[in-house]
Amino acid sequence: MAHLSRPGFPHRLNPDGSYDSICTVCLATVATVRKEEQLYPSELAHLCDPLRLYQVSQGSTALAVRTKWAASSCSLDPD
Ligand SMILES: [Zn+2]
């Protein structure tokens with residue numbers, strides 16, 4: 001079995017109880033699912049988008065990630 005270098009995929013628990021899988025190479029959200037174990041097939045199938053990799057290398061995705069985090073925290077319902 002060939003060993004290919006694969007990116008890591010940390011999981012994030014969202015306020016609504018769903019899980020996101022984040023690619024550590026291109027910083028994309030690979031999938032959002034209700035059960036954490038459902039992330040694995042999407043992680044296996046994920047291929048980094050070359051354009052996104054370029055944007056990450058240029059530093060522009062940091063802003064996108066920060067914006068995404070801010071947007072997800074805004075979805076918290078105060079009650
Ligand atoms: Zn990726």
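Cys48 lies in the loop that connects α1 (39–45) with α2 (50–57). The model described here is predicted. Cys48 has 15 C-beta neighbours inside 10 Å and therefore counts as partly exposed, since a residue is called buried only from 20 such neighbours upwards and exposed at 12 or fewer. Leaving aside residues up to four places away in sequence, Cys48 touches Cys23, Val25, Cys26 and Leu53. Pro7 is 41 residues away from Cys48 in sequence, yet their C-alpha atoms are 9.1 Å apart in space.

Leu47 is also placed in the loop between α1 and α2. Leu47 is exposed, because 7 other C-beta atoms lie within 10 Å. The C-alpha atom of Leu47 is separated by 9.3 Å from that of Cys26, and the two residues are 21 positions apart along the chain.

Cys26 is a contact of Cys48. When residues up to four places away in sequence are not counted, Cys26 touches Cys48, Asp49, Arg52, Leu53 and Val56. Leu53 thus appears among the contacts of Cys26 and also among those of Cys48. Cys26 belongs to the largest nonpolar core, a set of 5 residues that further includes Cys23, Val30, Ala31 and Val56. Val56 is accordingly both a member of this core and a contact of Cys26. Cys23, another core residue, is in turn touched by Cys48.

The secondary structure of the whole protein consists of 3 helices and 3 strands, which follow one another along the sequence as β-β-β-α-α-α. The 3 strands form an open sheet in the order β1-β2-β3, with antiparallel pairing. β1 and β3 are the edge strands, each with a single partner, so one side of each has no neighbour in the sheet. On average, neighbouring strands of this sheet are turned by 20 degrees against each other, direction ignored. In general, strands of a sheet pair through backbone hydrogen bonds, either parallel or antiparallel.

The two strand pairs are set out below.

| Strand pair | Residue ranges | Bridges and direction |
|---|---|---|
| β1 and β2 | residues 11–13 and residues 19–22 | 3 bridges, antiparallel |
| β2 and β3 | β3: residues 29–33 | 4 bridges, antiparallel |

In the pairing of β1 with β2, Leu13 stands opposite Tyr19 in β2. The hairpin of these strands has 5 residues between them, and Gly17 takes a positive phi near 90 degrees. On the other side of β2, Ser21 stands opposite Ala31 in β3, and Ile22 stands opposite Thr29 in β3. Ala31 is also one of the residues of the largest nonpolar core. β2 and β3 form a hairpin with 6 residues between them, and Leu27 in its turn has a positive phi of about 65 degrees.

For the protein as a whole, buried residues make up 8% of the 79 residues. Among contacts with a separation of 6 or more, 23% are between residues 24 or more positions apart.

Key: Residues are numbered from 1 along each chain as its sequence is written. This is a predicted model: local features need pLDDT of at least 70, side-chain atom pairs count only at pLDDT 80 or more; totals for chains, interfaces and linings use all residues. Helices (H or I, at least four residues) and strands (E, at least two) are DSSP runs, numbered from the N terminus. Two residues are in contact if their C-beta atoms, placed from the backbone, lie within 7 Å. Two strands pair if DSSP finds at least two bridges between them. A nonpolar core is a set of buried Ala, Val, Leu, Ile, Met, Phe, Trp, Tyr and Cys residues joined through C-beta atoms within 7 Å. Axes are lines fitted to C-alpha atoms, for helices over the stretch in contact, and angles run from 0 to 180 degrees between N-to-C directions.
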